[in-house]
Amino acid sequence: MPQIITSQQPQNKDSHGTKPVSYEDTIAKISYAISRIDASGEKLLQRIINEHSLKRFVIYRRNYLGTLLKVLQEDYPTVLAYIGFTNFRYLTKEFIANNKVKSANIFTVSKHFITHLHSSYTIHHSAELSGLASIDYLWSHPCHPVKFIKVSHGIISLYENIAFLNNNKPDNVSPDDLKNKGLRACMTSLESQIKKIDYSRFESIEVILEGENKYLRRC
Amino acid sequence: MLSALGASLRFPHFDEWLQACNKAADSTFIPSWFEVMVEDFLEEGPHHQKLEQLCEVHNKSIVFHSTGLNVGGTGHFDPEYISSLNELFQKYHPVVVSDHLCWSASSDRYHHDLLPIPPTYEALRHTVSRVMELQDYFQRELCLENITTYIDYTKRDMTDLTFLCELVKQTGCSLLLDISNASINHKNRRKDSRSFFAAFPMNHVRYMHLSGGDWDAHLNTMIDSHSSSPNQHDLKVLEDIYHKRPNSPPVVLEWDSELPSFCQMQKEHERISRCLKS
């Protein structure tokens, strides 16, 4: 009969005479410290993590932002192209700060970004951003049950132009924004398109999937 | 039974693997089994037909590898996620299903990362109970991988290896030995990994991972990035494992970021294959 370790005498105090941190509390504190993105939560970890390894805690904080940023960049290439990487990264941080990720499937998390864009006050053009994001999500997840969306009138043209400029590939986006690509003329054209967006009227767009090919169609 | 060298199936190489299977005549390395990331198949799409083709037409076995089971986490399992996994297990009949011996969510939020479980009695009881719950739900054995750990907990009741052995003993789960993760952990702590590998419970290992890391000069730390070739040290460890036990569990190369060309991956597989034969 193998000897099974089940429990030891409960330890009410550690060697310093303080009550040990429970497992659940340990996980909660680490989770909180990771989600702060900056190092402000790390002071909670002094009794949990050895001082010599605490400097490496940044790896987990970096991963938390990096993983979400990577997924959002892939799912929202047009939003990224439109606002630039610096703003996109800022919005991702804001998204993390205001939303507790509740799903084990990271792609489920991604769709909540649209709602965040809709309610974000930090980006000047948040109204058209959530429209662009909705089309991006439709394009990135063509097998999602929702294959048809309504957006404000003018958003589709704006999306088409940005996607055209960006060739719809996140890799083509420069670290800052479209202005840095020497596309001032294009930006002027986009700005005039933004002015034409009519938020009182709507238009529809659907994603069509044929085998491995997909395309967007106004409807 | 899985053959000695499998391949990790990543989307950018999916079509080339299928083409290689269709030709099956030239000198291209074609494994008899693939490790498939479950998360890639949670959504519907044409990639499902390709996987079916690989399994049914080309008769390849698959191993499902996931990252979100959160075996050491606190709070409830994500019901939608584990139900989707179960559906995929029913559909594709994987030979092995593996995840990581880690936590990835508190009761509050998911991190989508592999975080270390402190090797304490309390954590062991907690993890044993959750692994049993998952095995009951899936009605099958779970295979758990040793992870890379960048932090050290102040409270330890046992070694990481003892924790892992106890978990196996109490739950009947099996193990996925990630040679590179163990090497990185030892390298980052300036420790020799030989005693760890010598004591690792190989009888419970279903398969092994090899991967390449990145050196973070600022933190003076090796990072488990899966973005390069496995190093000579890890290949030597693999060679030693096979030298001691010729019927050792099979191995698969993990490469997730900065994925090289299919042709380069073929060369990497040849390199590992030579190592297994030597």
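Student: Where should we start in chain B, say with α6(B) and α8(B): how do their axes cross?

Tutor: In this predicted model, the axes of helix α6 (residues 179-188) of chain B and helix α8 (residues 232-244) of chain B cross at roughly 120° and come within 10 Å.

Student: What does that make the two helices, oblique or parallel to each other?

Tutor: Angles of 65 to 115 degrees count as roughly perpendicular and those over 145 as roughly antiparallel; α6(B) and α8(B) are therefore oblique to each other. The crossing in which α6(B) passes α8(B) is right-handed.

Student: Which residues make that contact?

Tutor: From α6(B) come B:I179, B:S180 and B:S183, and from α8(B) come B:H233, B:D234, B:V237, B:L238 and B:I241. Sorted by class, the contact of α6(B) with α8(B) has 4 nonpolar, 3 polar and 1 charged residues.

Student: And α1(B) with α2(B), at what angle do they cross?

Tutor: Helix α1 (residues 14-23) of chain B and helix α2 (residues 46-57) of chain B cross at roughly 30°, and their axes come within 11 Å. Angles under 35 degrees count as roughly parallel, and α1(B) and α2(B) are therefore roughly parallel to each other.

Student: Left-handed or right-handed, that one?

Tutor: The crossing of α1(B) past α2(B) is left-handed. On the α1(B) side, B:F14, B:D15, B:L18, B:C21 and B:N22 take part, and they meet B:H47, B:K50, B:L51, B:Q53 and B:L54 in α2(B). The residues of this contact of α1(B) with α2(B) divide into 5 nonpolar, 3 polar and 2 charged.

Student: Let us turn to the sheet of chain B. What is the order of its strands?

Tutor: The sheet is open and has 8 strands in the order β1-β2-β3-β4-β7-β8-β9-β12 (chain B), with parallel pairing. At its edges stand β1 (7-9) and β12 (251-253) of chain B, each of which pairs on one side only. Neighbouring strands of this sheet are turned against each other by 30° on average, direction ignored.

Student: Which helix packs on that sheet, touching β12?

Tutor: Helix α9 (residues 262-277) of chain B does, and its contacts are with β1, β9 (205-210) and β12 of chain B. The direction of α9 makes about 150° with that of β12(B).

Student: Over how many bridges do β3 and β4 of chain B pair?

Tutor: Strand β3 (residues 61-65) of chain B and strand β4 (residues 96-100) of chain B pair in the parallel sense over 3 bridges. Within this region, B:F64 stands opposite B:V97 in β4(B).

Student: Now chain A. What is the strand order in its open sheet?

Tutor: In chain A, 3 strands form an open sheet in the order β1-β2-β3, and the pairing is antiparallel.

Student: Why is one side of β1 and of β3 left without a neighbour there?

Tutor: β1 (148-153) and β3 of chain A stand at the edges and each has a single partner strand, so one side of each has no neighbour in the sheet. From one strand to the next, the twist averages 30°.

Student: What about the pairing of β2 and β3 in chain A, parallel or antiparallel?

Tutor: Strand β2 (residues 198-210) of chain A and strand β3 (residues 213-218) of chain A pair in the antiparallel sense, over 6 bridges. Opposite A:I208 stands A:Y215 in β3(A), and opposite A:L209 stands A:K214 in β3(A).

Student: Which residue takes a positive phi in that hairpin?

Tutor: A:G211 does, with phi near 60°; the hairpin of β2(A) and β3(A) has 2 residues between the strands.

Student: How do α3(A) and α5(A) pack?

Tutor: Helix α3 (residues 58-75) of chain A and helix α5 (residues 106-119) of chain A pack at an angle of about 65°, with their axes 10 Å apart. α3(A) and α5(A) are therefore roughly perpendicular to each other, and α3(A) passes α5(A) in a right-handed crossing.

Student: Which residues meet in that contact?

Tutor: A:T67, A:L68, A:V71, A:L72 and A:D75 in α3(A) meet A:I106, A:F107, A:V109, A:S110 and A:F113 in α5(A). The contact of α3(A) with α5(A) comprises 7 nonpolar, 2 polar and 1 charged residues.

Student: Last topic: how much area do chain B and chain A bury between them?

Tutor: They bury about 4,500 Å², with 57% of it on carbon and sulfur atoms. Chain B gives 51 residues to the contact and chain A gives 49 residues. In chain B, the residues that lose the most area to chain A are B:R109, B:H112 and B:Y150, together 15% of what that side buries.

Technical notes:
Residues numbered from 1 in each chain as written. Chains lettered and ligands numbered in written order. Predicted model: local features only at pLDDT ≥ 70, side-chain atom pairs only at ≥ 80, totals over all residues. Heavy atoms only, no water. Pairing = 2+ DSSP bridges. Helix = DSSP H or I, 4+ residues; strand = E, 2+ residues; numbered from the N terminus. Axes fitted to C-alpha atoms, helices over the stretch in contact; angles between N-to-C directions. Left-handed = near helix turned anticlockwise from the far one by under 90°. Contact = heavy atoms within 4.5 Å. Nonpolar A, V, L, I, M, F, W, Y, C, P; charged D, E, K, R; others polar. Buried area = accessible area lost by both parts, 1.4 Å probe.
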